[in-house]
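Work through the exercises below with the model open. Each task is followed by a stepwise solution.

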Number of protein chains: 8
Amino acid sequence: MTVSQPDGVTDLGFARLDTARAARTGDPEVVFGQGKTPGQIVAALRALHEAHPDRAILATRLSEDALAECAEHLPDAVLDSVGRTAVLGRTETRGRVAVVAAGTSDLPVVRECATTIAVFGAEPDEIVDVGVAGIHRLLAQRDRIDEADVVVAVAGMEAALPSVLGGLVGVPLIAVPTSVGYGWNLEGVTAWLATVNSCAPGVVSVNVDNGFGAGVAAARIARRTARTAE
Amino acid sequence: MTVSQPDGVTDLGFARLDTARAARTGDPEVVFGQGKTPGQIVAALRALHEAHPDRAILATRLSEDALAECAEHLPDAVLDSVGRTAVLGRTETRGRVAVVAAGTSDLPVVRECATTIAVFGAEPDEIVDVGVAGIHRLLAQRDRIDEADVVVAVAGMEAALPSVLGGLVGVPLIAVPTSVGYGWNLEGVTAWLATVNSCAPGVVSVNVDNGFGAGVAAARIARRTARTAE
Amino acid sequence: MTVSQPDGVTDLGFARLDTARAARTGDPEVVFGQGKTPGQIVAALRALHEAHPDRAILATRLSEDALAECAEHLPDAVLDSVGRTAVLGRTETRGRVAVVAAGTSDLPVVRECATTIAVFGAEPDEIVDVGVAGIHRLLAQRDRIDEADVVVAVAGMEAALPSVLGGLVGVPLIAVPTSVGYGWNLEGVTAWLATVNSCAPGVVSVNVDNGFGAGVAAARIARRTARTAE
Amino acid sequence: MTVSQPDGVTDLGFARLDTARAARTGDPEVVFGQGKTPGQIVAALRALHEAHPDRAILATRLSEDALAECAEHLPDAVLDSVGRTAVLGRTETRGRVAVVAAGTSDLPVVRECATTIAVFGAEPDEIVDVGVAGIHRLLAQRDRIDEADVVVAVAGMEAALPSVLGGLVGVPLIAVPTSVGYGWNLEGVTAWLATVNSCAPGVVSVNVDNGFGAGVAAARIARRTARTAE
Amino acid sequence: MTVSQPDGVTDLGFARLDTARAARTGDPEVVFGQGKTPGQIVAALRALHEAHPDRAILATRLSEDALAECAEHLPDAVLDSVGRTAVLGRTETRGRVAVVAAGTSDLPVVRECATTIAVFGAEPDEIVDVGVAGIHRLLAQRDRIDEADVVVAVAGMEAALPSVLGGLVGVPLIAVPTSVGYGWNLEGVTAWLATVNSCAPGVVSVNVDNGFGAGVAAARIARRTARTAE
Amino acid sequence: MTVSQPDGVTDLGFARLDTARAARTGDPEVVFGQGKTPGQIVAALRALHEAHPDRAILATRLSEDALAECAEHLPDAVLDSVGRTAVLGRTETRGRVAVVAAGTSDLPVVRECATTIAVFGAEPDEIVDVGVAGIHRLLAQRDRIDEADVVVAVAGMEAALPSVLGGLVGVPLIAVPTSVGYGWNLEGVTAWLATVNSCAPGVVSVNVDNGFGAGVAAARIARRTARTAE
Amino acid sequence: MTVSQPDGVTDLGFARLDTARAARTGDPEVVFGQGKTPGQIVAALRALHEAHPDRAILATRLSEDALAECAEHLPDAVLDSVGRTAVLGRTETRGRVAVVAAGTSDLPVVRECATTIAVFGAEPDEIVDVGVAGIHRLLAQRDRIDEADVVVAVAGMEAALPSVLGGLVGVPLIAVPTSVGYGWNLEGVTAWLATVNSCAPGVVSVNVDNGFGAGVAAARIARRTARTAE
Amino acid sequence: MTVSQPDGVTDLGFARLDTARAARTGDPEVVFGQGKTPGQIVAALRALHEAHPDRAILATRLSEDALAECAEHLPDAVLDSVGRTAVLGRTETRGRVAVVAAGTSDLPVVRECATTIAVFGAEPDEIVDVGVAGIHRLLAQRDRIDEADVVVAVAGMEAALPSVLGGLVGVPLIAVPTSVGYGWNLEGVTAWLATVNSCAPGVVSVNVDNGFGAGVAAARIARRTARTAE
């Protein structure tokens with residue numbers, strides 16, 4: 001049993017959901033799966049869905065067990081085992097976000113980011129396999145990237161991609177350093193340092209592997225652009 | 001004597017200006033004053049102004065000597081001795097960026113950011129003295145911040161400001177950690193770590209004291225929002 | 001068989017308990033469960049309880065096995081599976097310590113701290129779910145916090161809570177950084193750096209996740225305040 | 001000319017003083033001298049003194065020039081060239097804080113701390129030259145330390161002093177690591193790490209060389225103890 | 001089958017033993033168990049024992065499986081499951097090394113060190129439970145420590161012990177920082193930094209948990225002292 | 001007066017030159033100017049020139065004073081005030097090394113490297129102003145780079161250049177990270193980490209700003225290639 | 001089913017192979033086994049082998065399962081369980097690379113490096129058991145090392161080997177720091193720092209344990225030397 | 001005026017000298033010049049000399065001004081401007097310590113160490129210019145080193161010297177890492193890490209550039225060896 005409280009907080013016993021957040025910031029609360037049991041995740045998704053029936057609800061960082069529990073108890077949820085997300089409810093998007101990455105190793109971060117973008121109200125456009133070690137493939141996608149409302153550049157190892165992109169287009173650009181690498185890469189800190197020392201001006205970045213955070217920021221920018229355009 | 005070359009590069013002898021950048025990314029090249037002589041800075045500003053007579057040209061990180069040289073030889077330039085910038089040419093802005101900071105110590109970064117925002121095409125709105133140690137002053141500015149197109153949160157020490165702001169408004173939010181602090185603060189890295197570990201979703205950040213980078217990113221977002229809105 | 005030795009040391013074979021510490025510092029020795037077998041923990045609790053029959057004895061950092069062993073062999077012990085503590089004997093408290101935290105993820109540290117406070121002689125008052133990303137909930141608890149003898153602020157991620165609290169009240173304030181976070185947070189060091197770089201004066205702090213240490217310090221302050229008040 | 005504003009802020013042009021802080025936290029704002037001109041420091045001290053005529057006002061981290069300017073224009077100020085502080089107005093103290101240190105190298109931190117303690121309302125008792133490399137001198141002061149309301153242990157190099165003190169007495173203990181050392185000591189971080197890893201329970205600490213922060217915390221604890229005792 | 005080669009190398013197939021080292025440095029090669037299979041360890045011990053029948057041979061860092069294998073196949077070996085060592089052959093000692101430690105947590109390092117000392121030719125004298133948080137117990141052992149030829153101080157957490165010892169006696173002193181600690185201690189680096197920043201002159205140190213290295217150094221010093229004394 | 005000693009060492013009083021090194025490794029000793037007086041540098045250059053009259057002798061890291069002293073007393077020396085080098089004697093080169101860099105800020109490192117290459121026997125070919133933020137300029141130089149015997153990529157900030165180059169050509173590639181950057185770049189460590197985490201295989205690197213070291217390595221490779229080719 | 005695409009990319013579904021890389025850089029793409037399933041590795045090897053029937057194809061960082069899968073399905077592949085590699089196709093070598101290491105612990109890196117050298121077109125010559133703690137064994141191999149076209153020095157712990165080698169020979173020298181060590185060695189960073197701070201000029205290095213990267217670089221140098229020599 | 005106090009402390013006003021230390025540890029207190037005025041240093045040397053007329057007194061880390069002041073007011077003092085020390089009184093030595101270093105850059109540390117050794121009662125034997133990049137010079141000194149009572153190895157950059165020495169001789173070996181280096185060497189930490197990760201067993205070390213600390217330890221060992229030998 002859940003109790004909706006006067007101040008916009010729903011108490012689930014194991015967690016108190018801030019159901020008033022959507023009114024304050026325009027976006028509903030998200031269920032971070034890390035450290036929660038599968039049962040708790042299902043319950044939290046249901047409670048938030050009830051509080052916001054007309055919005056999509058997102059759960060991230062789901063373990064295999066949590067994904068299986070969602071599949072069994074939330075038949076309407078859309079699950080992604082690569083990005084480890086679950087979405088409950090209808091998404092509605094305005095504006096387009098290009099999510100660019102070098103290769104398949106970064107795919108989990110790309111997917112978490114793309115799903116977050118959709119839930120937070122913009123259309124994700126995944127463009128992978130365009131690493132700088134084969135620069136011709138990136139150049140071939142230049143126009144498609146240039147026409148997006150925002151670009152998210154997902155990059156591990158030495159993270160050269162955001163700098164190259166930043167020199168090609170003037171679109172707002174968010175970099176997501178990833179922990180992907182061989183040998184000693186400080187678990188993504190090498191990539192992170194690269195993003196904030198980019199020679200291309202205007203690159204902003206988020207924490208290592210934080211596809212969710214970049215997705216929230218990108219969607220907010222893209223949907224504003226589109227909203228005002230209508 | 002400067003020579004304009006076929007591929008959009010103007011060779012000043014001591015530097016080659018990428019005069020084709022505006023066509024590629026929408027923004028002209030900027031003169032980073034750090035490591036350049038006052039004379040070189042004046043020459044670079046003049047050359048870029050000639051190449052882009054209808055755009056404002058920005059020089060940043062100017063020493064006192066460089067500011068004096070600009071004052072003497074570029075009477076039309078607008079100089080800021082706090083933010084250490086010079087601007088040559090007319091700015092035209094669309095959209096508004098709230099630049100929020102805790103106090104006077106962060107003012108140089110705030111000013112560099114605000115001037116960059118104006119040169120890159122959006123209107124800066126400085127809101128200082130709203131640190132989290134006196135939370136009532138921040139709450140009093142909530143509506144003014146909420147109505148901006150983008151928020152830049154400039155914060156040193158433990159950099160709690162971006163997190164508090166991120167819980168109050170849903171506007172796109174760029175954090176600029178600063179090296180301001182007493183005692184051991186790792187020259188701003190403490191603040192930087194705080195920005196990428198913010199409990200508020202969607203916070204993106206730039207390098208320590210990089211008011212310029214945040215300004216470029218913020219202006220690109222704000223002017224897009226406004227452009228499409230017209 | 002345990003042997004009480006002339007110099008206030010009880011030798012258990014696997015450990016020598018400093019039974020004279022209470023006389024010297026006012027507090028009996030504590031059983032750190034980490035690295036000890038369940039049987040050793042039960043034996044140590046018993047030996048200290050015999051040496052100090054009129055004081056509560058504390059064991060911390062207990063594994064699930066250790067908690068089960070205590071449940072079976074020490075029926076009078078009060079166990080807490082979240083804070084991973086066991087308490088044997090009667091607590092007597094003077095003064096009140098507010099233990100404030102942002103959310104449920106920090107609960108294990110909050111509980112370890114609260115139990116320590118009680119054993120070391122003060123009354124803990126847990127106030128959770130008051131993170132800075134929803135500042136209104138924190139403001140609603142201002143008076144309750146202001147009236148405590150000491151405040152312990154438990155905070156992970158960017159640890160903005162101690163700074164906001166330090167600006168609201170003048171009560172002695174101890175910060176406990178926690179290792180809670182998503183992505184790269186240096187296992188709590190980000191939070192730790194924030195606590196010692198707080199813009200609010202007078203914030204002191206302990207090691208990451210060290211609810212025990214903060215509890216000892218807080219209780220010593222609170223009970224002194226109360227003792228002299230009687 | 002200074003203008004007192006409705007919301008408890010006095011605007012000096014170069015800074016806005018939070019004159020309402022005393023009502024909120026019990027203590028007036030402090031003038032941090034670092035980064036301010038001598039003239040600004042004198043002006044800020046005067047303005048705060050006018051706003052709080054019955055309280056002592058503190059300025060810290062004063063350069064030699066700033067101390068000279070204070071000596072010339074504020075004849076009533078009490079200046080300390082070792083601790084680099086100026087105090088304007090009458091201090092009134094309740095409770096005693098023992099400030100313990102190993103030697104003369106730590107004296108600047110000891111003095112900043114002691115002066116802060118007095119301004120924030122408690123009596124400082126300096127006990128220097130009691131380093132652990134000559135343990136007999138420390139033991140000789142045991143009773144004097146044990147009878148204080150709070151102990152501040154100032155220690156550089158390997159910072160063994162707080163641990164030894166923490167095993168001798170049960171008084172609330174605040175450690176101040178200092179940057180004093182020969183060779184590679186990470187500018188005080190070695191000492192800082194030692195304070196948070198102390199084998200003595202209940203040790204809390206502040207930033208490197210932060211005598212001010214420790215003084216604020218210690219005075220708040222000591223004066224509360226004494227207030228309730230009356 | 002092992003083959004003794006002309007240049008003092010015995011080839012075991014999986015390793016080549018430097019059987020000429022004893023002639024060169026006075027000490028035989030040691031078998032580091034880490035990363036070797038139990039069978040390889042037994043074979044290496046046998047080969048070295050054959051090459052040096054009149055000297056004790058040491059194996060360190062043995063897993064439980066390796067200890068069991070030694071127990072089964074090398075009935076003459078002396079095994080220590082705490083220090084994780086095996087010794088084959090007769091030790092002969094000259095000079096005494098005091099191995100001092102704070103408590104039972106450091107015992108594995110103490111034992112590895114003591115066994116190494118014996119194998120390398122000096123007599124170890126273990127003095128545990130003399131941590132600085134109970135300084136009276138350390139003082140009670142002062143004379144016994146002062147009369148040793150060398151002192152090894154094993155210390156984790158903030159590692160205050162070497163500094164206190166260095167102020168009490170003038171005996172050559174080797175510090176061994178250990179990774180023992182609660183909370184964030186950088187896996188022993190805190191202790192390590194403390195040893196090289198000791199306020200007591202003449203303290204030398206080895207790597208974290210390196211009881212073996214300290215034992216080799218201590219024994220070489222002690223047996224030289226004694227050899228010349230005869 | 002210098003004395004040539006039997007074992008190939010020339011003793012200058014303040015330094016002993018290893019005049020036998022050329023025979024051993026193929027290259028004469030180099031005069032590192034850092035930490036030496038202008039007079040010592042001139043003397044060392046002369047002594048090495050006398051010992052190797054048919055080889056060029058190199059001095060690096062020269063201060064302005066040292067360059068002036070060389071200009072006055074060594075009229076035959078070739079001086080470079082940007083790369084801070086002096087060369088005495090005739091260079092003879094085989095093979096070509098492309099030294100590629102993003103811009104004018106890296107020029108001092110480029111020049112030190114190029115001069116070293118020439119002294120160590122290969123022909124340097126400087127290609128600057130080809131940063132990744134303007135990728136078309138780099139692509140325009142592809143063939144010239146591809147035909148070199150070795151490529152040295154000099155890069156500061158996020159050091160994306162070596163990765164992009166490594167994807168374009170298969171020539172042996174040595175990366176030199178530089179300390180050039182704005183804001184927090186860890187004094188070149190960001191660039192360094194990027195070079196060893198490059199997504200392009202076969203990239204090797206040297207210390208930050210070590211144009212000399214890269215030049216030595218590059219020349220040894222290039223001249224071998226050319227020597228065997230004749 | 002695999003589809004060869006117009007732009008030299010073969011799409012395997014789970015990965016897109018850059019089959020045009022050989023034309024661009026002279027070397028075919030390599031299969032990094034880390035993070036791939038055994039089935040994917042077998043499929044990738046087959047696809048690359050089909051695209052380059054006349055070249056050897058390399059797979060690295062193979063798990064035991066992956067090696068078993070290769071053994072079953074690729075009977076023609078040459079497998080190495082120490083270096084964890086698989087090679088499919090005929091190698092053809094020109095030039096010789098000496099791969100030098102201190103002992104058996106570094107063998108996995110040595111083998112990965114040697115196999116890579118062979119696949120990339122040069123002959124590897126492994127010289128192990130020549131650590132600096134037994135310098136005579138290294139000196140005995142001086143001539144064999146001096147006559148190689150390139151030297152790769154594989155070294156863990158304090159990595160003194162590259163410096164000693166660099167003083168003995170003038171052959172191009174690539175250092176591979178390894179994570180081998182006892183106690184606290186920062187997982188190979190100690191060795192890495194040593195390689196870039198070598199007192200011997202011209203030492204270049206790669207990431208920790210990156211035998212593959214050093215092998216690619218060494219082979220490219222050696223085969224060029226040999227190619228031009230013919 | 002100085003006052004000798006009952007407990008073996010001489011109060012100079014600016015410092016309190018522990019004149020009882022010699023009785024406790026066998027060695028008198030030392031004057032660390034860093035942070036003291038020239039006048040204070042002269043006064044402290046005089047006071048300690050008066051308290052210990054039959055022992056040599058040492059002052060270290062003297063600035064040029066301090067050395068000049070000593071030259072003027074203490075005509076009997078032996079001054080060393082390279083090692084920056086002053087010695088007052090007669091030294092008497094037993095046992096020999098070989099102080100080994102690679103080159104002239106390490107000379108200040110070598111000299112500080114050698115002077116300390118003499119003052120603390122052993123004979124220093126300086127052996128410089130024996131770096132590992134010219135291994136033959138080191139081998140030529142093997143016997144001289146082997147016959148010392150203790151070896152101190154002073155080494156900067158990658159600090160390979162202690163490891164090579166440790167494999168050559170079995171004499172007790174103390175390593176002193178120095179901050180000497182070109183490029184990024186972490187101000188000596190690279191060398192420090194090398195000393196504690198040495199592949200030669202029994203190497204102990206002190207802080208970066210701490211020639212004094214190594215000298216104290218070495219002298220204590222050497223004079224004991226010699227004392228017992230008589």
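**Exercise 1.** Which residues does Pro172(B) touch, not counting residues up to four places away in sequence? Then place Pro172(B) in its chain and decide whether it is buried or exposed.

Solution. Keep in mind that this is a predicted model.
- Step 1: list the contacts. Pro172(B) touches Arg220(A), Ile221(A) and Arg224(A), and also Asp149(B), Val150(B) and Val151(B).
- Step 2: find the element. Pro172(B) sits in the loop between helix H7 (161-168) and strand E11 (173-177) of chain B.
- Step 3: check the accessibility. The relative accessible area of Pro172(B) is 5%. Buried means under 20%, so Pro172(B) is buried.
- Step 4: take one distance. Pro172(B) and Ala222(B) are 50 residues apart along the chain, and their C-alpha atoms are separated by 9.6 Å.

**Exercise 2.** By what turn and shift can chain A be laid on chain B?

Solution.
- Step 1: superpose. A turn of 180 degrees with a shift of 0.0 Å along the axis lays chain A on chain B, at an RMSD of 0.0 Å.
- Step 2: interpret. The two copies are therefore related as by a two-fold rotation axis.
- Step 3: compare the contact surfaces. The same surface serves both copies, as 100% of the contact residues of chain A recur in chain B.

**Exercise 3.** At what angle do the axes of helices H2 and H3 of chain H cross?

Solution.
- Step 1: read the geometry. The axes of H2 (residues 38-51) and H3 (residues 64-73) of chain H come within 8 Å and cross at roughly 50 degrees.
- Step 2: classify. H2(H) and H3(H) are therefore oblique to each other.
- Step 3: assign the hand. The crossing of H2(H) past H3(H) is right-handed.
- Step 4: list the partners. From H2(H) come Pro38(H), Gly39(H), Ile41(H), Val42(H), Leu45(H) and Arg46(H); they meet Asp65(H), Ala66(H), Glu69(H), Cys70(H) and His73(H) in H3(H).
- Step 5: sort them. The contact residues of H2(H) and H3(H) comprise six nonpolar, two polar and three charged.

**Exercise 4.** What is the phi of Ala159(C), and what is the phi of Arg84(F)?

Solution.
- Step 1: recall the background. Most residues other than glycine have a negative phi.
- Step 2: take Ala159(C). Its phi is positive, near 50 degrees. Ala159(C) lies in the loop between strand E10 (150-155) and helix H7 (161-168) of chain C. At 2% relative accessibility, Ala159(C) is buried.
- Step 3: take Arg84(F). Its phi is positive, near 60 degrees. Arg84(F) lies in the loop between strand E6 (78-80) and strand E7 (85-88) of chain F. With a relative accessible area of 36%, Arg84(F) is partly exposed.

Technical notes. Residues numbered from 1 in each chain as written. Chains lettered and ligands numbered in written order. Predicted model: local features only at pLDDT ≥ 70, side-chain atom pairs only at ≥ 80, totals over all residues. Heavy atoms only, no water. Least-squares fit on C-alpha atoms with pLDDT ≥ 70 in both. Contact = heavy atoms within 4.5 Å. Helix = DSSP H or I, 4+ residues; strand = E, 2+ residues; numbered from the N terminus. Buried < 20%, exposed > 50% of the residue type's maximum accessible area, 1.4 Å probe, protein only. Axes fitted to C-alpha atoms, helices over the stretch in contact; angles between N-to-C directions. Parallel < 35°, antiparallel > 145°, perpendicular 65-115°, else oblique. Left-handed = near helix turned anticlockwise from the far one by under 90°. Nonpolar A, V, L, I, M, F, W, Y, C, P; charged D, E, K, R; others polar.
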